[in-house]
Amino acid sequence: MHDIVAERQKLFVSLDKLKLEKEKLSAEKKDMECRISELEKRIKVLELSGGISSVSGGIKPARDRVNKLLREVDKCLDLMNKY
């Protein structure tokens, strides 16, 4: 009978340790999920910014193209204001 009680006590101690380990692992899992989410957002930002830099050789040509388009719009606005 004494052996059964001692074994029961050991099982409860083991159960408590396992519960603590489960809580620790759950918290770690939640942290990792947040980290994954943050990294996925960063990947999207980098892909978008990389998309601009990969178009026609880099950011400078893209910026030059935008500036050219803006000048054309300004010319159109000037023509519209004249008439």
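# Charges on a two-helix chain

Guide: In this predicted model, glutamate 33 is partly exposed, with a relative accessible area of 44%.

Visitor: Why is glutamate 33 called partly exposed?

Guide: Buried means under 20% and exposed means over 50%. The value for glutamate 33 is 44%, which lies in between, so the residue is called partly exposed.

Visitor: What makes lysine 29 buried or exposed?

Guide: Its relative accessible area is 52%. The cut-off for exposed is over 50%, so lysine 29 counts as exposed.

Visitor: Why is the contact of glutamate 33 with lysine 29 called a salt bridge?

Guide: The closest N and O atoms of the two residues are 3.6 Å apart. A salt bridge requires a Lys or Arg side-chain nitrogen within 4 Å of a carboxyl oxygen of Asp or Glu, so this pair qualifies. Side chains of opposite charge can pair when their charged atoms come close.

Visitor: Where do glutamate 33 and lysine 29 lie?

Guide: Both are in helix α1, residues 2-54, and they are four residues apart, about one turn of the helix. The structure holds one salt bridge.

Visitor: What makes arginine 65 fit for a patch of positive charge?

Guide: Arg counts as positive. A patch residue needs over 30% relative accessible area and no salt bridge. Arginine 65 has 48%, so it passes the area cut-off. Arg65 gathers with Lys68, Arg71 and Lys75 in a patch of positive charge on the surface. Arginine 65 is found in helix α2, residues 59-82.

Visitor: How many helices and strands does the chain have?

Guide: Two helices and zero strands.

Technical notes: Residues are numbered from 1 along each chain as its sequence is written. This is a predicted model: local features need pLDDT of at least 70, side-chain atom pairs count only at pLDDT 80 or more; totals for chains, interfaces and linings use all residues. Side-chain values use heavy atoms; hydrogens and water are left out. Buried means under 20% relative accessible area, exposed over 50%, partly exposed in between (1.4 Å probe, protein chains only). Patches are made of residues with over 30% relative accessible area and no salt bridge: like charges are joined within 9 Å, nonpolar side chains (Val, Leu, Ile, Met, Phe, Trp, Tyr) within 5 Å. Accessible areas come from the Shrake-Rupley method with a 1.4 Å probe; for residues, only the protein chains shown count as cover. The place of a charge is taken as NZ of Lys, CZ of Arg, CG of Asp or CD of Glu.
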